[in-house]
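Please open the model in a viewer and keep the sequence panel visible beside it. The tour below proceeds by selection, one stop at a time.

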Amino acid sequence: MLKYSKDVANLVLDDGPRNPNAFAAYDSEPPPPPKLKSRGVIAMDITEQFTNAAQQLDMGQLIKDPYFTLFESVGALEIMDRKMDSGYLEPGETMEDEYDFSEALLPEEIIGIIDHLLCHEMAWHMGHPLSQTIFTSLYIDRLLSPCPTSLDQTYFDKSESCSSDEPLTLQILRAYCLGLVRTCSYVNNRVKSEHYYEEEDFVTHTFNRSLLENIDHESILKLLEETEELLSSTQEMGYDLKKALMCRLRFRAQFLKIAEMADARTPTNIKDLWTDLLAALPDIRSSTHLGRAVPSSFSTKIQRKLASTVPPRPIVEVSQEAAFDHLERLCRDASVVVEVLKYYDSHSLMTFVILFQTRKPQPSVYVRTLLQHYLFCDMVILGTMSIRQVLDDDLAATVLPAHKLLDRGNDEIEVPHDPRHNMAARMEIFRSRAAGSYLDILRTICQNRCRIRRTLCHTIADWDNLQLDAEELDQELREFTREEPIIDPEISNDPIYSFPLSSWAYFYKLRQMEWIVQLGFELDTYQPDELVGMYWYLQYLAKTRSRHLERIRGFLVRSYAAFRRNPETAGQKQAEYASALSFVNISIMESAATYGFADALSCLYTVLGRLSLIPSPPRPYSDDSMRYEVRMKPFSAIGLPELIQFEDLTQLVTQPNESTIDIINFAADSVMGAKKGFEFLSKLSAKEANCQGSHDSWVKNIKDCLKACIFTSITISTVKKLVLAAGKDTQVKAKVEIPAAEKGYHDWWIVPKVIPGSS
Amino acid sequence: MEKSQAEDYLTSLLNKTLRITTTDTRMFLGQFKCTDSDRNIILSQTFEYRLPPAPIPTSTSPSSNETENDKETVTLDLTSRYMGLVVVPGEFISRIEVEEFESQVRGRAVGGVGVGGEKVV
């Protein structure tokens, strides 16, 4: 187990370091400030000597530390430049905002500030730094600086004896702010401890301020509750205002509670809590009009006091509409993500994670890091399972059902000659090699969409190596498993072995290669004239996977037959065979639908290309083969399936020997086949489709594919009519619109719209 | 001062801790990395120190225009802020100080060379 932990702890998802220096505009941890006066150190005035010496230098001559590069100096902040120097004061400007914290505010103003803070909080969740959002509030600044050690030090009015006569409105605001900052601290810690991209996804930098970590969680919660009680008994406020403030305080207490509890992976009522929080939002939303903004309580000047290596930046304003939408989605996503904790089988787990991440818009960083936490925390998968358990489950459910290689009893055998001992030892080698790569897939899918694709481009090389390593182990293991090869002179003169471990690795490598192409469609990576080639490539990969799955199925069926003949083993392990066979069968079906659809689209684009309906942008600095080389770079190092050479691909795609009408007819047949496939898949139960826990999303996904499929068949028949009408003439009157990825029925299927008659 | 002497002197200061006071009375403390003929100075690992807005609450120390010692007493109360790598344009520099170990300065005084000696040239 330890070995895994180490392996997995060293997982590198990216090619670069986690916080590449070039982007470290926010130094995470500034060094402690030097003491201005310390024993034995004196400061000597050298103004005159320095100035004289500098004047001797030639124009443009530099005296510099040889290790200091001009490249670095580009990042230096220019002092006294208002755009760069956050500490620069305009003539007559003061450092501090003159804001009277002792002044009691109207309830309307409290609502205004609270709602404004909520917008800032969501802006932070969306990826803006605290310095441009929550930290621009003078009230928050007052709470955090100097850093309080108890609730008594958190009064806005710092003059003495204010605690006893704090106006109710200020107490409401204070309690709310305390709850807000503490909630942010939980969120920040969660995000920081998982894999995310600083500044790209989220900014965890707190500018050397503590987010009230040393104030007891319970005492803040208590203050929120007491304030709510106090408010409910007051007579001084109108009913609507009172109600609006009450629901805000309650919301804050709820959010704080959830943020603290959300980390728990044991069964809790956390799902209900998220749903309750979601239910609390309409009340707040409908009472925002009661608020009165207090713009003077927010200021960019606070950035002057924050440890920051970046120039001053403006306050980020997110509309209330956008903020509430984001928060609602966050609650909804978070209430769904908890369901991952219910484990059914390894394939369902992966389906869950994939489908959860394809939710639109993608779940926010906090929810995604919660998902990572649920999955991987402490190397205990979902809080209950060892990595080995999940990996063995997956091997059993794909290539090795009820197989002796996965028998835990093998671990107990210590006799070195015993085949069981040898099997256990080699499986252990395999697991230590594969566990990291396998979990990497899950971890990768938890990243933002662009990063998923980018990371997959790197990890497929790792899977290629894994496949080779596994092949060696497969060969060694044969000696101990006494595997009987298939001898079939019709296929090959050599005996055919099952290669279970490398088959498994190959399967996942192919899936990831398909995802790379599919995410390319989703992310609008390809130009319109590249779609024909990329859909051809997708069908090539999917077809390869389908054939590979058929090979796996062949061996499964054969060993199942042997298994059933043996009365000792038959019975309880039957289910393992059933689920592996079901998974392989359904996967074959799914890959067939994928390659059928991709083939149809590729052919459709070929025909549209022949009709000169696909625009190709001007590219003065490249040619097709160079571009192809760059485009296919992630695949060029992969041994199997081999990368198709550009000349071959051009032949395969343009199909010069086929007539246009033949190609369009083939596309029509192909898309019909795919349509039947998707229809079949859409009717499967959660268990059959290996999507337990996410069946609804699964069905929706398949139905979206189906819609795209139907739309494609309509386009194909439109084009067919055009081709028939045009006869030998290659010019047709029609216009083609290629929708952006998110505009279609499914992000992975870019279906052109053909409008006849216009040109 | 000869040009080569000037270059040697400035080079000898590289990577020492400088305190640069700007015309707006802020002080920047950081490691000296680079300068040019316009006296633009690049400091790394820089902290910004700022005089608190007058009047200083709860402080009994006199105003900062008095003796050197008093001024430092006030400075200690300042909040500092990390800014990292900065370039201070020469035109805004009102004062440059270098931090030295007392022992080193004393040693130099005995040998008869050093900062004081160059002043004569």
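Select chain B, which has four helices and five strands; helices (H or I, at least four residues) and strands (E, at least two) are DSSP runs, numbered from the N terminus. Following the sequence, the order of these elements is α-β-β-β-α-β-β-α-α. The model is a predicted one, in which local features need pLDDT of at least 70 and side-chain atom pairs count only at pLDDT 80 or more, while totals for chains, interfaces and linings use all residues. Residues are numbered from 1 along each chain as its sequence is written, and chains are lettered from A and ligands numbered from 1 in the order in which they are written.

**Confidence in chain B**

Colour chain B by pLDDT, the predictor's confidence in each residue, from 0 to 100. The chain B average is 75, and 64% of the residues score at least 70. Strand β1 (residues 17–22) of chain B has the highest confidence in that chain, at 95, and helix α4 (residues 115–120) of chain B the lowest, at a mean of 38. Next select residues 55–76 of chain B, where pLDDT stays under 50 and the model has 14 contacts beyond four places in sequence; two residues are in contact if their C-beta atoms, placed from the backbone, lie within 7 Å. Residues 110–121 of chain B also stay under 50, with 12 contacts beyond four places in sequence. Where pLDDT is low, the predicted coordinates should not be read in detail. For the complex, the predictor gives an ipTM of 0.77 and a pTM of 0.86.

**The strands of chain B**

Select strand β2 (residues 27–36) of chain B. Is this strand largely enclosed or open? Eight of the 10 residues of β2(B) are buried, so the strand is largely enclosed by the rest of the structure. A residue is buried if 20 or more other C-beta atoms lie within 10 Å of its own, exposed if 12 or fewer, and partly exposed in between, with C-beta atoms placed from the backbone. Over chain B, buried residues make up 31% of the 121 residues.

Add β1(B) to the selection: β1(B) and β2(B) pair in the antiparallel sense over five bridges, where pairing requires that DSSP find at least two bridges between two strands. B:Leu18 has B:Gly30 in β2(B) as its bridge partner. The hairpin of these two strands has four residues between the strands, and B:Thr25 takes a positive phi near 70° there.

Now add strand β3 (residues 41–49) of chain B, which is joined to β2(B) by seven bridges and runs antiparallel to it. B:Thr35 stands opposite B:Ile41 in β3(B). In the hairpin of β2(B) and β3(B), with four residues between the strands, B:Arg39 takes a positive phi near 65°.

**Across to chain A**

Keep β2(B) selected and display β2 (62–64) of chain A. Three bridges join β2(A) to β2(B), and the two run antiparallel; A:Lys64 stands opposite B:Cys34 in β2(B). Then select β3(A) with strand β4 (residues 80–88) of chain B: this pair is parallel, over two bridges. Here A:Glu78 faces B:Val87 in β4(B).

Widen the selection to the whole contact, which takes 49 residues from chain A and 54 residues from chain B. On the chain A side, α2(A) gives the most, with nine residues. The chain A side divides into 25 nonpolar, 14 polar and 10 charged residues. In this division Ala, Val, Leu, Ile, Met, Phe, Trp, Tyr, Cys and Pro count as nonpolar, Asp, Glu, Lys and Arg as charged, and the others, Gly among them, as polar.

**The helices of chain A**

Select all of chain A, with its 23 helices and five strands. Its C-alpha trace spans about 95 × 70 × 70 Å along the principal axes. Of its 759 residues, 42% count as buried.

Select helix α14 (residues 419–445) and helix α15 (residues 449–481) of chain A, whose axes come within 10 Å and cross at roughly 170°. Axes are lines fitted to C-alpha atoms, for helices over the stretch in contact, and angles run from 0 to 180 degrees between N-to-C directions. The two helices are therefore roughly antiparallel to each other; angles under 35 degrees count as roughly parallel, over 145 as roughly antiparallel, 65 to 115 as roughly perpendicular and the rest as oblique.

Finish at A:Ala600 in helix α18 (residues 574–610) of chain A. A:Ala600 is buried, with 29 other C-beta atoms within 10 Å. Beyond its neighbours within four places in sequence, A:Ala600 has contacts including A:Ala667, A:Val671 and A:Ile716.
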